[in-house]
Amino acid sequence: MTRTHVPPVLVTGATGRVGRVVIDRLIDAGVPVRALTRRPEAAATLPANVEVVTGDLTVPESLDAALRSTGAVFLVWTAPPATAPAVVERLAAHARRVVFLSSPHQTPHPFFQQPNPMAALHADIERLIAATGLESTIIRPGMFASNTLSWWATAIRAGDVVRWPYGAAETAPIDDRDIAAVAARTLYQDGHAGGDYVLTGPEPLSQAAQVSIIGDVLRRRIRFEELTPDQFRSQTEGSWPRPAVDMLLAAWSATIGRPAFITSTVSDILGSAPRSFRQWVADHATAFMEGPTPSS
Ligand SMILES: NC(=O)c1ccc[n+]([C@@H]2O[C@H](COP(=O)([O-])OP(=O)(O)OC[C@H]3O[C@@H](n4cnc5c(N)ncnc54)[C@H](OP(=O)(O)O)[C@@H]3O)[C@@H](O)[C@H]2O)c1
């Protein structure tokens, strides 16, 4: 019996939080993977049976080799916007379908309806993709559970208090592994062309409750100390981009008194419930303990 040749899936953002796990899920499903990175040395962190190609989203012509003979592309955009039109055009010239990691900017919940330059860029890229006629699936996760590592791990490693604004603001943190599992499924399974999927974690949790869960898992009492927005601006001055700070403050402020937005999409697509925030913390507990400071 002759085996049909399966074209590789090109995974961009391959060394990042979501892309790295998308690679694992594609390999589990027997799908050939080509991984894009700007850093050839990153190959050492990727599975041996992955074809690693170098390329940069800010240099569209650097993607030609990566795109040759691909069937589908997982697109993660963390670069500046300027080259998005040229990249999407190249993508359409080579691939049949694209799965794009976007955000829930169309969801009518105040948390997702605040001014947000990243959401505006996502909307632009979606328009570019639609204009090419490529088969597409848009994945729209809410707040990643892993954000809490870059936000709070340093404070939790150093002491017993997290100083942060809007402790009462609720989100439904989603485990990166669930986002990646959905993305991988839509890359190798038929029936997801035109899919537009808003993904959330399973439960609404205030930011103070998230800190308290981290404390429970670590068997420590960690206090949440409320900051005013101005105190938070001062605390992040020089280390966070101001537009990101203002975007988060606006989103948290707008959601006070509103339950977090929850969807059943992860279960609907995977047939299993999304992981809880407590589970995510348990699986990453060492990152909140002593040792070198985590980068994300
Ligand atoms: N955090 C959230 O709560 C949240 C929520 C919704 C949506 N999102 C979206 O999710 C996306 C980020 O996903 P992620 O967290 O998995 O990404 P990530 O961990 O930040 O990783 C992004 C990867 O992209 C690669 N990269 C960066 N600049 C590049 C360039 N110019 N050309 C090619 N590759 C480049 C880097 O790999 P190399 O260094 O190996 O090249 C990096 O590992 C963003 O679009 C964000 O807006 C995030």
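Let's start with Arg219, which you'll find in the loop between helix 7 (207-218) and strand 11 (223-227). Keep in mind as you look around that this is a predicted model. Arg219 has a positive phi of about 60°, although it is not a glycine. Is Arg219 buried or exposed? Its relative accessible area is 79%, and the cut-off for exposed is over 50%, so Arg219 counts as exposed.

Now hop over to another loop, the one between strand 7 (161-165) and strand 8 (170-171), where Tyr166 is found. Tyr166 isn't a glycine either, and its phi is also positive, near 55°. What about its surroundings? Tyr166 has a relative accessibility of 19%, and buried means under 20%, so Tyr166 counts as buried. So here are two residues with positive phi, Tyr166 near 55° and Arg219 at about 60°, yet Tyr166 is buried whereas Arg219 is exposed.

Next, the ligand. Where does the ligand sit? Look into the largest pocket, and there it is. The shell around the ligand has 24 residues, and those that come nearest are Thr15, Thr37, Arg38, Arg39 and Asn147. If you sort the shell by character, you get 10 nonpolar residues, 10 polar ones and four charged ones. Two elements give two or more residues to this shell: helix 1 (17-28) and helix 4 (117-132).

Zoom in on the atoms and you can pick out some polar partners of the ligand. A polar backbone atom of Val18 is 2.8 Å from an oxygen atom of the ligand. At Leu57, a backbone N or O atom lies 2.8 Å from a ligand nitrogen. Asn147, already met among the nearest residues, uses its side chain: an N or O atom there is 2.8 Å from an oxygen atom of the ligand. How much of the ligand does the protein bury? Taken alone, the ligand exposes 940 Å², and the protein buries 84% of that.

Just before helix 5 (147-158) in the chain comes a loop that runs from strand 6, and Ser146 is found in that loop. Ser146 is buried, because its relative accessible area is 3%, under the 20% cut-off. Which residue does the side chain of Ser146 touch through a polar contact? The partner is the side chain of Asp176, at 3.0 Å.

Strand 6 itself covers residues 135-141, and Arg140 is found there. Is this arginine buried or exposed? With a relative accessibility of 2%, Arg140 counts as buried. Its side chain reaches the backbone oxygen of Ser103 at 3.1 Å. Compare that with Arg219 from the start of our walk: Arg219 is exposed, at 79%, whereas Arg140 is buried, at 2%.

Back to helix 4, one of the elements that contribute to the ligand's shell. Ala119 lies in this helix, and it is buried, with a relative accessible area of 12%. How are Ala119 and Thr148 placed relative to each other? They are 29 residues apart along the chain, and their C-alpha atoms are separated by 20 Å.

For Thr200, go to the loop between strand 9 (196-199) and strand 10 (205-206). Thr200 is buried, with a relative accessible area of 3%. Along the chain, Thr200 and Met143 are 57 residues apart, and their C-alpha atoms are separated by 7.6 Å.

Our last stop is Gly257, in the loop between helix 9 (242-255) and helix 10 (265-270). Is Gly257 buried or exposed? At 74% relative accessibility it counts as exposed, because the cut-off is over 50%. Which separation do its C-alpha atom and that of Ala169 have? The two C-alpha atoms are separated by 7.6 Å, while the residues are 88 apart along the chain.

Terms used: Residues are numbered from 1 along each chain as its sequence is written. This is a predicted model: local features need pLDDT of at least 70, side-chain atom pairs count only at pLDDT 80 or more; totals for chains, interfaces and linings use all residues. Side-chain values use heavy atoms; hydrogens and water are left out. A residue is near a molecule or strand if one of its heavy atoms lies within 4 Å of it. A polar contact is a pair of N or O atoms within 3.5 Å; within protein, one must be able to donate a hydrogen and the other to accept it, and residues adjacent in sequence count only if both atoms are side-chain atoms. Accessible areas come from the Shrake-Rupley method with a 1.4 Å probe; for residues, only the protein chains shown count as cover. On a 1 Å grid over the protein atoms alone, a cavity is a set of points where a 1.4 Å probe fits but cannot get out, and a pocket is an open set with protein on both sides within 12 Å along at least five of seven lines; lining residues have an atom within 4 Å of a point. A molecule sits in a cavity or pocket if more than half of its atoms lie within 2 Å of its grid points. Helices (H or I, at least four residues) and strands (E, at least two) are DSSP runs, numbered from the N terminus. Ala, Val, Leu, Ile, Met, Phe, Trp, Tyr, Cys and Pro count as nonpolar, Asp, Glu, Lys and Arg as charged, and the others, Gly among them, as polar. Buried means under 20% relative accessible area, exposed over 50%, partly exposed in between (1.4 Å probe, protein chains only).
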